[in-house]
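Let's take a friendly walk through the aromatic side chains of this protein. Have the chain open in your viewer as you read.

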Amino acid sequence: MATTVTSTDAPLKDMDEWDEFLTGRYQEGKSQEQFRQYDEEATPGVAEFYRLNHQYQTYDYVMAKEKQYFGLDKGEKSIWEAAEFLNTLVDDSDPDTDLTQIEHLLQTSEAIRKDGHPRWFVLTGFIHDLGKVLCLWGEPQWGVVGDTFPVGCAYSDQIVFPQYFKANPDINNPLYQTKYGIYEPNCGLSKVHMSFGHDGYIGEVMKNYMPEESLYMLRYHSFYSAHRHGAYRHLMSDHDVEMLEWVNKFNVYDLYSKGHTKPNLKELKPYYDDLFAEFFPAKIAW
């Protein structure tokens, strides 16, 4: 489903352009040379998006946004209410699809359900993008979606468009440009501050409700340099490495479950009503 955000920092025509880019970038069988060609030449809007993302996602920015949002003081909503709120991002003028946000979330969760995964896994598929409500609170595209990466330490060359970090003020901080930066070797991802966006935010919202495997999926499903390219192992504990296998299992559905066939919400709603009630109270803090 197409989404739009009113912002001067909105180089993507809609939020799904980033999703489409990911699907193409991580298509099986592509060479690194094809990745670069796809990135640079075929998706100028995505390139501009990452230029902004890499310039402005500083350590100080991340710390300020964590303080602003991780207190979960934006009010209480049920899962359905949060999903319906996210539906206000739908751009009715988009000619390619008329899927709503809820229908897209159901596509992901239903693909997981069809393959017989546990109910918490199905639920993770439904909730994983709800953090994009950040757009509705005025956050720019580059502060909501995009590949995530640690801040406060050297940037991996496996991050998409690494050349754009040259404009980030943190490049001038010698400590931040060392291998470990402000962190200790193998300190564990729980102690690492990631670039801000919908992944970390939804992870905070769900931390008291979902199992650990789910929380890794939520927090790190956009950490592609790590779970696709093996970067930042020097910051991870052995447990992190094991848990990233769950992230890889999830990403198959995140990247490749999208389509134009509408799920039947009326038929599916009783199942999800029961699923939400199993894991959540009537309303949770956002």
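## Terms and model

A residue counts as buried when its relative accessible area is under 20%, as exposed when over 50%, and as partly exposed in between, using a 1.4 Å probe and protein chains only. By that yardstick, both Tyr69 and Tyr201 are buried.

This is a predicted model, in which local features need pLDDT of at least 70, side-chain atom pairs count only at pLDDT 80 or more, and totals for chains, interfaces and linings use all residues. Residues are numbered from 1 along each chain as its sequence is written, and side-chain values use heavy atoms, leaving out hydrogens and water.

## Aromatic pairs

The structure holds 29 aromatic pairs. Rings of Phe, Tyr and Trp (its six-membered ring) pair if their centres lie within 6.5 Å; planes under 30 degrees apart are stacked, over 60 edge-to-face, and the rest tilted.

Tyr69 and Tyr201 make an edge-to-face pair, at 6.0 Å centre to centre with 75° between the planes. Phe126 and Phe276 have ring centres 5.2 Å apart and planes at 55°, so this pair is tilted. Phe126 has 0% relative accessibility and counts as buried, and Phe276 is buried at 6%.

## A cluster and its lysines

Tyr69 and Tyr201 also belong to one aromatic cluster with Phe70, Phe85, Trp137 and Phe196.

Two members of the cluster carry a lysine over the ring. A charge sits over a ring if NZ of Lys or CZ of Arg is within 6 Å of the ring centre and within 35 degrees of the ring normal. Lys74 lies over the face of Trp137, 5.8 Å from the ring centre, while the charged end of Lys77 is 4.8 Å from the centre of the Phe85 ring.
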